[in-house]
Amino acid sequence: MLSQIFNNTSVITWSNFSMGSAYQFHSWRVFVVVCALPCVSAVVALTFMPESPRFFLEVGKHDEAWMVLKHIHDTNMRARGEPERVFTVNRIKIPKQLDELVEMQNESANPVLKVLFKIKTELRGIWLTFMKCFNYPVRDNTIKLAVVWFTLSFGYYGLSVWFPDVIKHLQADEYASRVKLHNSEHIEDFTFNFTLENQIHRNGVFLNDRFISMKFKAVTFIDSSFINCYFEDVSSVGSFFKNCTFVDSFFYNTDIDDAKLTNSRVINSSFHHNKTGCQMTFDDDYSAYWVYFVNFLGTLAVLPGNIVSALLMDKIGRLSMLGGSMVLSGISCFFLWFGTSESMMIFMLCLYNGLSISAWNSLDVVTAELYPTDRRGTGFGFCNAMCKLAAVLGNLIFGSLVGITKAIPILMASTVLVGGGLVGLRLPDTRANVLM
């Protein structure tokens with residue numbers, strides 16, 4: 001019996017480091033810092049990017065606008081193999097500046113009124129620009145783009161929430177299938193100083209035993225008796241004592257409390273210096289590391305999709321890439337239905353991510369090219385708002401179905417992705433809208 005217990009032990013390692021006694025860096029803090037680095041790098045990179053020509057024109061910096069346009073022209077011509085082509089401008093339409101409009105409306109107004117009028121004018125301009133996105137001839141394009149953005153985001157972000165939990169459920173089922181059962185054991189004068197994991201002890205008797213500097217991990221004691229036992233520096237993660245009896249036992253610096261003593265009797269026993277707060281760490285939950293690793297693999301699968309979309313965007317067309325990528329990702333999502341193992345589910349996740357990233361890339365290009373300059377930012381912002389709304393709904397709907405059924409999430413994601421891809425194929429071709 002003791003050999004079986006020893007065979008199912010594990011060693012706990014702690015993934016953290018410290019700088020003196022004041023700063024403790026646990027694994028999740030390091031993870032957050034690493035995730036923040038790309039954002040900081042993006043902010044630094046933005047400082048080296050020029051403003052748009054339209055902005056320079058609106059603030060009266062015509063020379064700067066001309067230089068940016070010339071740089072864009074020269075870059076495009078070098079890419080086309082025509083570096084000798086000279087950049088010429090025949091006519092530039094300069095938009096009226098907001099400050100000039102304010103002065104024309106009320107030259108004698110005090111500063112407060114001028115600011116309020118400026119804000120009112122700005123908001124009115126935003127609203128009018130937004131409504132222009134629903135005027136002919138871009139109204140149909142706006143509706144179709146909103147549908148594509150919504151469906152792609154709903155399927156992508158919904159699955160991103162649902163999939164890791166499905167992996168965890170598969171792991172939990174596999175973990176439960178490996179549980180060790182111990183019936184009617186009798187252990188006397190023994191010292192437990194190691195970890196007990198994934199075990200069920202039923203009708204056991206522990207007499208004069210010592211549990212010192214150890215951990216119970218997913219261990220359940222049922223109808224067992226602990227007589228004259230000593231517990232010191234004990235942690236219990238996912239462990240419970242059901243219908244157990246403790247007689248003349250002593251507990252010091254443990255997290256065993258009433259919540260873990262289900263219908264148990266405590267006779268002439270005492271608890272001292274009990275641990276408080278959550279004692280569980282990522283080291284106790286291997287599935288937490290596994291979920292991060294699965295997400296890493298899914299993100300890594302995006303790399304070839306990005307390379308393919310960059311090389312073939314102009315060759316096969318934006319719409320073919322957009323619609324084809326969404327339809328193929330919807331089909332790959334459907335095959336998740338047949339996934340019965342972790343390896344197969346992870347492979348289908350990587351395939352899905354690799355296919356769907358091409359749709360995201362082509363959708364960004366199509367959205368920017370379908371709108372005229374004066375409505376491009378507003379139209380793109382509206383489509384992104386639909387994207388965020390779909391992401392929220394996808395998180396709520398798919399999250400509520402975790403552990404209940406996998407048929408509904410898979411069919412729902414496949415349907416919206418294929419439907420959105422077919423709508424995307426109905427958009428106008430924008431390959432001709434290239435700055436010459």
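Over residues 1-15, how many contacts beyond four places in sequence does the model have?

**View 1. The chain start, residues 1-15, in a predicted model.** The model has 36 contacts beyond four places in sequence for this stretch. Its pLDDT stays under 50 throughout.

**View 2. Residues 98-104, another stretch with pLDDT under 50.** Here the model has 10 contacts beyond four places in sequence. For the chain as a whole, mean pLDDT is 80. A pLDDT of 70 or more is reached by 83% of the residues.

**View 3. Ala391 in helix H12.** The helix spans residues 373-400. Ala391 is buried because its relative accessible area, 11%, falls under the 20% cut-off. Setting aside residues up to four places away in sequence, Ala391 touches Ser153 and Tyr157. Gly158 is 233 residues away from Ala391 along the chain. Yet the C-alpha atoms of Ala391 and Gly158 are separated by 6.7 Å.

**View 4. Residues 378-401, annotated as a transmembrane region in an unreviewed UniProt entry.** The chain is 96% helix here, with 0% strand. The end C-alpha atoms lie 35 Å apart. The same UniProt annotation also covers other stretches, including residues 145-163 and 289-312.

**View 5. Residues 407-427, also covered by the UniProt transmembrane annotation.** Helix accounts for 86% of this stretch and strand for 0%. From end to end, the C-alpha atoms are 31 Å apart.

Definitions and conventions
Residues numbered from 1 in each chain as written. Predicted model: local features only at pLDDT ≥ 70, side-chain atom pairs only at ≥ 80, totals over all residues. Heavy atoms only, no water. Helix = DSSP H or I, 4+ residues; strand = E, 2+ residues; numbered from the N terminus. Buried < 20%, exposed > 50% of the residue type's maximum accessible area, 1.4 Å probe, protein only. Contact = heavy atoms within 4.5 Å. UniProt positions renumbered as here; feature names shortened; annotations may be inferred. pLDDT = per-residue confidence, 0-100.
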